[in-house]
Amino acid sequence: MAFVNYVEGIYVGYKYYETAADEGAINYDEHVVYPFGYGLSYTTFEETIENFDASGDDVTFDVNVTNTGDVAGKHAVEVYFTPPYTNGGIEKASVNLIQFEKTKLLEPGETQTISFSIPVEDLASYDSSEIKIPGGGYILEAGEYTISVREDSHTVLAEETFTIDADISYADGRSSDQVPAVNQFESYSRGNFVQLSRADHFANYDEATAAPLDEYYVMDEVTRAVIEAGSSAYYDPTKYDNASDEMPEQGVDNGLMLYDLVGADYNDERWEQLLSQMTFEEMATLINIGGWQTVAIDSVGKIATSDCDGPAGLNNFITGAYGTAYPAEVLMAQTWNKELLYEIGHSMTAEYVEAYNFGWYGPAMNTHRNAFAGRNFEYYSEDGVLAGYCAVNEINGAIENGMYPYIKHFALNDQETNRCTFLLTYASEQAIREIYLKPFEMAVKGYEGTPIAVMTAFNFIGHQPSTANPYLLENVLRGEWGFVGMAETDYDGSYGYIISDKGARNGNDLNLGFGSAATDQFTDQSATATLAMRQACKNILYTIGNSGYYTFVDSDPSQAPDKMTTTFQGINIGCGAALVVIEALAIWLLMKGRKAAAAA
């Protein structure tokens, strides 16, 4: 097993350098050459703030942008906020991106007015240490707040201040929450490490950033918890059965097809009638065989479908469908252009539609925790707000084409090294929520239209696998944020912690894998297990049934020739055969090695 401690807490990227400079802990110019948000232009601009008002639930103001140069150009208007900080209190960065917009093409001397409306609650901090909120929660602390328009994260062009007279607790929930946010991770994610603190001008910097003194001590401490969390060698599903659960109906004929429920509310009682038509074997097959596809289920009239990589364009090596290669997401984010991101999402997925593919493994929105993460090209930014707005707009462009994007990789998948070997990720809940979940939260709360999907990550949060973490997938994603859709694993390459039964019981619906013996992965056929599988199937059917596979046709697609089943049947058989060959080869090599050792 491998582990990583997020010792920097919320001070990721520019948030550390700006705050440390303000605290006098570093000489900014010695450490930073190109601040976050830095950009060049062939012309120059002037920005002023007008009509500033912070008297209500929203901070509203206008920014006048004037092209003061000699040629036409566009300009990114970057809005940051600075919250009050109490020494030793809730951690806060001194500079935080909160909004941005891109101007139109401005001719020399031309001015454009851009209006902003920022909910005051978006300036709140998460108190995972329970300094002021028992059980954890968001709080807007009393004090002076500054809203600034900046050339980049460091260069202030204009600013306004306002005061919050008394603490505002969001223990009862923010307006954007379906249920109040409370600590869901801290008890098992915090880890045994010193976290970087702003207190006393980052006085603990050396201690927090030092290498672990004894990594094996940390590993030994968590080993048992990881095993109990459930590797395939130790997982016993019957331990989680509830004797009071009642076995639902299966295999009955209620005369419904998936097409009949297109556009139906998620809570429509007909969903239960439709689910009762599925057998245990059909549910197991639907859940387990999700490798770049979802399978056909005849009893409910569900057609086979195709899902494609990737964040930078159509790329399905399974079906052989390829399209235009779009710029990497990190380059998309560097445009600071929401409208352009919408257009990218729309035009990119138009090619998916041409390939009869409405499932998109993207966009990806994990955080650039450091400059060397293996997937930085596939993720937008070091800042969650920039990433969140990019994702929302790209998703909304895709939804116009009937797509169900899989936002990924949920969550804290911020390195590639050891990601498939029980990578234990430790972080404070404040860092998890304010940094690493932020773009996902914005994407879920900000998209408009039909259901989307989520792809979970390989790593663990503490000792909880992201593929089967009820605090992440049920309490936060579906509970707090109100997500309605399906969650799928990343590639299930027979890793010992991607367990179908455990995933279904804890909020994961679909496995990105292949296999002809799908039911073998569900050894417990209890009422508890069956109910969990039924819920997973509902989430899959609801998402597929509201996608272009069903909404872009004039009649029940299950009555038309199946375009995908034959293709994937061959692929599934081939993958199964390949796995058998690989396993046989591994056994042969093992036996050969043992014989050689015995002879020696």
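Over how many bridges do strand β3 and β6 pair, and in which sense? Select residues 58-67 for β3 and bring up β6 as well: the two pair over nine bridges, in the antiparallel sense. Keep in mind as you click around that this is a predicted model.

**Before zooming in**

Show the whole chain as a cartoon. It holds 18 helices and 23 strands. Now colour by burial: of the 600 residues, 57% are buried. Switch on a surface and you are looking at about 24800 Å² of exposed area, with carbon and sulfur atoms supplying 50% of it. If you like contact maps, take the contacts between residues at least 6 apart in sequence; 75% of them join residues at least 24 apart.

**Stop 1: the sheet with β3 and β6**

Back to the opening pair. Add residues 45-53, which are β2, and you have an open sheet of three strands in the order β2-β3-β6, with antiparallel pairing. β2 and β6 (111-119) are the edge strands, and each pairs on one side only. Look along the sheet and check the twist: neighbouring strands are turned by 20° against each other on average, ignoring direction. For one pair of residues to label, pick valine 59, whose bridge partner in β6 is isoleucine 118.

**Stop 2: another three-stranded sheet**

Next, select 125-126, 138-140 and 168-169. The order here is β7-β8-β11, again an open sheet with antiparallel pairing. β7 (125-126) and β11 (168-169) each have a single partner strand, so one side of each has no neighbour in the sheet. Zoom in on β7 and β8, which are joined in the antiparallel sense by two bridges. Label tyrosine 126 and you will find tyrosine 138 of β8 standing opposite.

**Stop 3: helix α8**

Select residues 280-288. Is this helix mostly covered or mostly exposed? Mostly covered: seven of the nine residues in α8 are buried. Show the side chains of Phe280, Glu282, Met283, Ala284, Leu286, Ile287 and Asn288, which are the buried ones. To see what lies over them, add α15 (500-505), β23 (510-512) and α16 (527-545), which are among the elements that cover these residues.

**Stop 4: strand β18 and its partners**

Move to residues 423-426 and turn on side chains. Leu423 and Thr425 point one way from β18, while Leu424 and Tyr426 point the other way. This is the familiar pattern: in a regular strand, side chains alternate between the two faces of the sheet. Whichever way they point, all four of these β18 residues are buried.

Now add residues 2-5. That is β1, which runs parallel to β18 and is joined to it by four bridges. Alanine 2 is the residue to label, opposite leucine 423. Then add β20 (460-461), which also runs parallel to β18, with two bridges between them. Here threonine 425 has isoleucine 461 as its bridge partner.

**Stop 5: two helices, α12 and α13**

Finish with 429-436 and 438-446. α12 and α13 pack at an angle of about 55°, their axes 5 Å apart. That angle makes α12 oblique to α13. Show Arg433, Glu434, Ile435 and Tyr436 on the α12 side, then Lys438, Pro439 and Phe440 on the α13 side, and you have the residues that meet. Colour this contact by class and you get four nonpolar, three charged and no polar residues.

Methods. Residues are numbered from 1 along each chain as its sequence is written. This is a predicted model: local features need pLDDT of at least 70, side-chain atom pairs count only at pLDDT 80 or more; totals for chains, interfaces and linings use all residues. Side-chain values use heavy atoms; hydrogens and water are left out. Two strands pair if DSSP finds at least two bridges between them. Axes are lines fitted to C-alpha atoms, for helices over the stretch in contact, and angles run from 0 to 180 degrees between N-to-C directions. Angles under 35 degrees count as roughly parallel, over 145 as roughly antiparallel, 65 to 115 as roughly perpendicular and the rest as oblique. Contact means heavy atoms within 4.5 Å. Ala, Val, Leu, Ile, Met, Phe, Trp, Tyr, Cys and Pro count as nonpolar, Asp, Glu, Lys and Arg as charged, and the others, Gly among them, as polar. Buried means under 20% relative accessible area, exposed over 50%, partly exposed in between (1.4 Å probe, protein chains only). Accessible areas come from the Shrake-Rupley method with a 1.4 Å probe; for residues, only the protein chains shown count as cover.
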